[in-house]
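Colleague: I have a few questions on side-chain pairing and packing. Can we go through them one by one?

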Amino acid sequence: MEDSGVESALRARLEALQAEHRALDEEIAQRAETPGDELALRRLKKRKLMLKDEIARLGDSLYPDIIA
């Protein structure tokens with residue numbers, strides 16, 4: 001099992017990433033409603049996808065699938 005300090009650091013990082021993901025989701029929704037800088041919107045969406053992947057990796061390391 002992982003050291004509890006390492007695990008708590010990973011949990012804190014996961015929470016920070018999830019908060020950033022939610023914030024990006026809101027910003028993307030707002031920008032999508034009004035015409036504007038499409039390049040900026042695409043960059044936000046790309047960042048959101050990268051965050052999603054990192055969140056999944058961290059989640060897998062914290063909560064591995066155990067096959068019985």
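Modeller: Yes. Bear in mind that this is a predicted model. Start with Asp25: its relative accessibility is 38%, so Asp25 counts as partly exposed.

Colleague: Which side chain does Asp25 meet in a salt bridge, and at what N to O distance?

Modeller: The cut-off for a salt bridge is 4 Å between the side-chain nitrogen and the carboxyl oxygen. The side chains of Asp25 and Lys48 pair in this way. The partner is Lys48, and the N to O distance is 2.7 Å.

Colleague: How many residues apart in sequence are Lys48 and Asp25?

Modeller: Asp25 lies in helix α1, Lys48 in helix α2. The pair therefore ties together parts separated in sequence. The separation is 23 residues.

Colleague: Which residue does Glu20 meet in a salt bridge?

Modeller: Glu20 sits in helix α1, residues 4-33. Its partner is in helix α2, residues 38-62, and the two are 27 residues apart. The N to O distance is 3.0 Å, and the partner is Arg47.

Colleague: Is Arg47 buried, partly exposed or exposed?

Modeller: Buried requires under 20% relative accessible area, and exposed requires over 50%. Glu20, at 30%, is partly exposed. Arg47 has 31%, so Arg47 is also partly exposed.

Colleague: What separates Arg31 and Glu27 along helix α1?

Modeller: These two form a salt bridge, with the closest N and O atoms 3.2 Å apart. Arg31 is partly exposed at 36%, and Glu27 is partly exposed at 29%. They are four residues apart in helix α1, so the separation is about one helical turn.

Colleague: How many salt bridges does the structure hold?

Modeller: Side chains of opposite charge can pair when their charged atoms come close. Arg47 with Glu20 is one of the pairs, and Lys48 with Asp25 is another. The total is five.

Colleague: Now the packing. Which helix gives the most to the largest nonpolar core?

Modeller: That core has ten residues in all, including Leu14, Leu24, Ile28, Leu44 and Ile55. Helices α1 and α2 each supply at least two of its residues. With six residues, the top contributor is α2.

Colleague: Leu41 belongs to that core. Which residues is Leu41 in contact with, leaving aside neighbours within four places in sequence?

Modeller: Contact here needs heavy atoms within 4.5 Å. One of the partners, Ile28, is also a member of the largest nonpolar core. The contacts of Leu41 are Ile28, Arg31 and Ala32.

Notes: Residues numbered from 1 in each chain as written. Predicted model: local features only at pLDDT ≥ 70, side-chain atom pairs only at ≥ 80, totals over all residues. Heavy atoms only, no water. Buried < 20%, exposed > 50% of the residue type's maximum accessible area, 1.4 Å probe, protein only. Core = buried A, V, L, I, M, F, W, Y, C linked by side-chain atoms within 4.5 Å.
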